[in-house]
Amino acid sequence: MKWLLVFWGGPVMLLTGWYSLSYYDMSFGIFMLTREAHDLVFRLYGHVLGIPPESIPPLVARAMVLDTIVLFGLVALRKHRQITSWYRARFGGAKSQSTDVSRLPRDANLSSAP
């Protein structure tokens, strides 16, 4: 799981951080974080792909969301036994308590109390 976070979360955080800092022109003296570099990168990608540069960020965001869903779906498939046992331990215990209550004798009531 540690390597999953490194190889998936690292690039996602790097891309999101670069996009956020360059979009708001928080360069800290680094050219790649300027708004000019931001516009240049998206103009270049737009020219190569043949689409308007303004349409690229939403496409990238959707791709990141889809990749995240697929990745965590694969992790869930791989660890489905552990997830199922955790779920049963967490939420299955409430059903067993209700069955214990149903085992109480029905004849006992307050009128038979001393």
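**View 1. A salt bridge within helix H2 of this predicted model.** At 30% relative accessibility, Asp-39 counts as partly exposed, because that value falls between the 20% limit for buried and the 50% limit for exposed. Its partner here is Arg-35, and the closest N and O atoms of the two are 3.2 Å apart. How accessible is Arg-35? Arg-35 is partly exposed as well, with a relative accessibility of 29%. Both residues belong to helix H2, where they are four residues apart, or about one turn of the helix. Take a good look at this contact: the structure holds one salt bridge.

**View 2. Trp-18 and Phe-42, a tilted pair of rings.** A pair of aromatic rings is described by two things, the distance of the centres and the angle of the planes. The model contains eight aromatic pairs. For Trp-18 and Phe-42, the centres are 6.0 Å apart and the planes meet at 35°, so this pair is called tilted. Which helices does the pair tie together? Trp-18 lies in helix H1 (residues 2-23) and Phe-42 in helix H2 (residues 35-49), so the pair joins parts that are 24 residues apart in sequence. Are these two rings' residues buried or exposed? Trp-18 counts as buried, at 17% relative accessibility, and Phe-42 is buried too, at 9%.

**View 3. Tyr-19 meets Phe-42 edge-to-face.** Phe-42 appears again here, now paired with Tyr-19. The distance from centre to centre is 5.9 Å, with 90° between the planes. This pair also links distant parts of the chain, as Tyr-19 is in helix H1 and Phe-42 in helix H2, 23 residues apart. Tyr-19 counts as partly exposed, with a relative accessibility of 26%. Now follow the rings further: ring pairs link Trp-18, Tyr-19, Tyr-23, Tyr-24 and Phe-42 into a cluster.

**View 4. Two residues with positive phi in the loop between H1 and H2.** Asp-25 has a positive phi of about 55°, although it is not a glycine. Asp-25 is part of the loop between H1 and H2 and counts as partly exposed, at 43% relative accessibility. Phe-28, found in the loop between H1 and H2, likewise has a positive phi of about 55° without being a glycine. Is Phe-28 buried or exposed? With a relative accessible area of 64%, Phe-28 is exposed.

**View 5. Helix H3 and its buried residues.** Helix H3 (residues 56-78) has 23 residues and reaches 33 Å from its first C-alpha to its last. That is close to the 33 Å expected at 1.5 Å a residue. Which residues of H3 are buried? They are Ile-56, Pro-57 and Val-75, and the buried residues of this helix pack against H1 and H2.

**View 6. Helix H4, with a charge over a ring.** Helix H4 (residues 80-91) has 12 residues and reaches 16 Å between its first and last C-alpha, close to the 16 Å expected at 1.5 Å a residue. The number of buried residues among those 12 is zero, so H4 lies largely in the open. Look for Arg-90: its charged end sits over the ring of Phe-91, 5.8 Å from the ring's centre.

**View 7. Confidence along the predicted chain.** The mean pLDDT of the protein chain is 85, and 81% of its residues reach 70 or more. Which element has the lowest mean pLDDT? Among the elements of the chain, helix H5 (residues 93-102) has the lowest, at 53, while H2 has the highest, at 95.

Notes. Residues numbered from 1 in each chain as written. Predicted model: local features only at pLDDT ≥ 70, side-chain atom pairs only at ≥ 80, totals over all residues. Heavy atoms only, no water. Phe/Tyr/Trp six-rings, centres within 6.5 Å; stacked < 30°, edge-to-face > 60°. Buried < 20%, exposed > 50% of the residue type's maximum accessible area, 1.4 Å probe, protein only. Lys NZ or Arg CZ within 6 Å of the ring centre and 35° of its normal. Salt bridge = Lys/Arg side-chain N within 4 Å of Asp/Glu carboxyl O. Expected span 1.5 Å × (residues − 1). Contact = heavy atoms within 4.5 Å. pLDDT = per-residue confidence, 0-100.
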